[in-house]
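Visitor: Could you pick a single part of this one and take me through it closely? After that, I'd like to hear how other places compare with it in kind, if you have the patience.

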Amino acid sequence: MNNNLKTLAIVGALSSATTLGAYKLFIEKSSSDAVFSDTPSAFTRMVSNSGAAAGSLTEFTFAAEKATPAVVHIKTKMTRQVNRQMVDPFEDFFGFGDLGGGRRRQPEAQEASGSGVIISADGYIVTNNHVVQDADEVTVILGDKRELKAKVVSTDPSTDLAVIQVKATNLPFLTFGDSDALRVGEWVLAVGNPFNLESTVTAGIVSAKGRQNIIDRDKEDVNPLESFIQTDAAVNPGNSGGALVNLKGELIGINTAIYSRTGQFAGYSFAVPVSIVKKVSADLIKYGNVQRGYLGVSIQDVSGKVAEEKGLKVNEGVYVGGFANSSSAQAAGLKVNDVIVKVDGVETKSSSKLMELVGRKRPGETVVVTVNRDGATKDFNVVLKNKDGNTNIVKGESAGAVIASEYLGAKIANLSEAEKAKLKLSGGVKLTDVNPEGRLGYQGVESGLIISKIDDKAVKDAKEAADLLQNRKGRVKIEGVDMDGTRYYYVIVL
């Protein structure tokens, strides 16, 4: 990642945080056309069916009045471990300096806030992953001032998107627009809750499309899929997860990042285009994770210099430099030195656009890849594969499967199918966050251990484990294994 851009692009800065102290969902029609069964939603409305505002297309009031009721205020609570200097009152008296002190990790309660966009009448809401990540409690404040508890359905760090849900009906929601048709220079509105100021609307124009290198690529297990809409509409901390809408009041992006040296708005903001939002939110709701199709190619943008070095006959497109194992593109007939110029008839002048177009598809779907080979264009039908080199749909664990156990003083989560297979377990739960001051933490237990039995009863998942431990008193026997397969057991006595 460009070091300067990495310094300036504050992906998480739009979500404001304050330390408090120690303390049958939908039926699939295509990869991006998913509809909720009988519930009105963004998936069931046709793009651009609402008509523009009466009068001039520079009239902002129509879009603002349509979008504002469907944008919610999100507040989260979380507990994080922080290092605290422990002071020994006898240090100075005996002249030992800081030898008697030390650092201990202590739990500290925090609150944060952001925004979200309602996409269905029965309470599905799209927001940013960094708004709800690690949250113990999520509260949604609707436009009519109702406050509702929300559950996290699932998250996708690669696009910094998440879906949460509240129990409600007949909610206002936004219609998905067409971010492909969005033009540089077009007016847009950003709607959100900056600095806890609810229902704030700002206006600007689209400054650029297909921006990359915004999400931190150094984060573990994050492979960013980026093709951001850049605007000059003012957004600030608290706008994360809010709506970017066109003048028809249609959702065309989710506000995610700002370009700043200070963490405050400095002229540019970035939004995930709705073409990605639509696909990711549909997958998170239906599968619990995002189903991504891959071409299996090593790529780079074509420039005049690259064209000259490689002897290419075209100066725009995406250069194919190599193939991964079990590459679907190679199997379809693509070769090194091909230049990908279109996918399904849509021009791919940059690798970000190529990744966006392919990212809308699932494993097993076919895309038409147009390449320039030695000056001539050729079409190839490519059947996309997943990252494992096959076309299987892989269901993920819901983010809601993470449960906080007050008795253990830890968070517990369901095991993935891969973890079960590796350890030859049919069930069990994994400790994802252990409070050093809790019952397990006091005995030196750390995150990562797996509980397979409680009082000699095999546990199937996090909910069952939490139910077994709820309101428990007295002696409890915990059995399990670590990720290396070493067995252990602890006896907890209240």
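**A close look at strand 10**

Guide: Let's start with the pairing: strand 7, residues 124-128, and strand 10 run antiparallel to each other, with five bridges between them. Keep in mind as we go that this is a predicted model. One pair to click on here is Thr 127 and Ala 162, the latter being its bridge partner in strand 10.

Strand 10 has another partner too. Strand 9, residues 147-156, is joined to it by six bridges, again in the antiparallel sense. Over there, look for Lys 151, which stands opposite Gln 165 of strand 10. Strands 9 and 10 form a hairpin with four residues between the strands, and in that hairpin Asp 160 takes a positive phi near 55°. That's worth a glance, since most residues other than glycine have a negative phi.

Now, what about cover? Strand 10 spans residues 161-166, and six of its six residues are buried. In a regular strand the side chains alternate between the two faces of the sheet. Here, Leu 161, Val 163 and Gln 165 sit on one side, Ala 162, Ile 164 and Val 166 sit on the other, and all of them are buried, so both faces of the strand are covered. Put that together with the bridges and you have a strand paired with strand 7 and with strand 9, and covered on both of its faces.

Let's move on to another strand. Strand 6 covers residues 102-118, and Ala 109 is found in it. Ala 109 has a relative accessible area of 1%, so it counts as buried. From its C-alpha to that of Asp 136 is 10.0 Å in space, with 27 residues separating the two in sequence. Ser 113 is found in strand 6 as well. At a relative accessible area of 3%, Ser 113 is buried, and its side chain makes a polar contact with the side chain of Asn 196, at 3.1 Å.

For a second hairpin, jump to strand 21 (residues 366-373) and strand 22 (residues 376-383), an antiparallel pair with eight bridges. Val 368 has Asn 381 of strand 22 as its bridge partner. This hairpin has two residues between its strands, and Asp 374 in the turn has a positive phi of about 55°.

Positive phi values turn up in loops as well. Ser 326 lies in the loop between strand 18 and helix 7, and its phi is near 60°. With 46% relative accessibility, Ser 326 counts as partly exposed. Asp 455 sits in the loop between strand 26 and strand 27; although not a glycine, Asp 455 has a positive phi of about 50°. Asp 455 is partly exposed too, at a relative accessible area of 30%.

What about cover on the helices? Take helix 8, residues 351-359: eight of its nine residues are buried, among them Leu 354, Leu 357 and Val 358, along with Lys 353 and Glu 356. In helix 11, residues 462-469, the buried residues are Ala 462, Ala 465, Ala 466 and Leu 469. Looking down the axis of helix 11, these fall within an arc of 100°, so they line one face of the helix. What they pack against is a set of strands: 23, 24, 25, 26 and 28. At the start of helix 11, a side-chain oxygen of Asp 461 comes to within 3.3 Å of the backbone nitrogen of Lys 463. Just after the helix, Asn 471 takes a positive phi of about 60°.

Stepping back to the whole chain, you'll find eleven helices and 29 strands. Of the 494 residues, 49% are buried. The protein exposes about 23,500 Å², and carbon and sulfur atoms supply 48% of that.

And how far should you lean on it? The average pLDDT is 81, and 79% of the residues score at least 70. Residues 1-13 fall below 50, though this stretch has 34 contacts in the model beyond near neighbours in sequence. Residues 48-55 are below 50 too, with 15 such contacts.

Terms used: Residues numbered from 1 in each chain as written. Predicted model: local features only at pLDDT ≥ 70, side-chain atom pairs only at ≥ 80, totals over all residues. Heavy atoms only, no water. Buried < 20%, exposed > 50% of the residue type's maximum accessible area, 1.4 Å probe, protein only. Pairing = 2+ DSSP bridges. Arc of directions from axis to C-beta. Contact = heavy atoms within 4.5 Å. Polar contact = N/O pair within 3.5 Å; in protein donor to acceptor, adjacent residues only side chain to side chain. pLDDT = per-residue confidence, 0-100. Areas by Shrake-Rupley, 256 points an atom, 1.4 Å probe, with all protein chains shown as cover.
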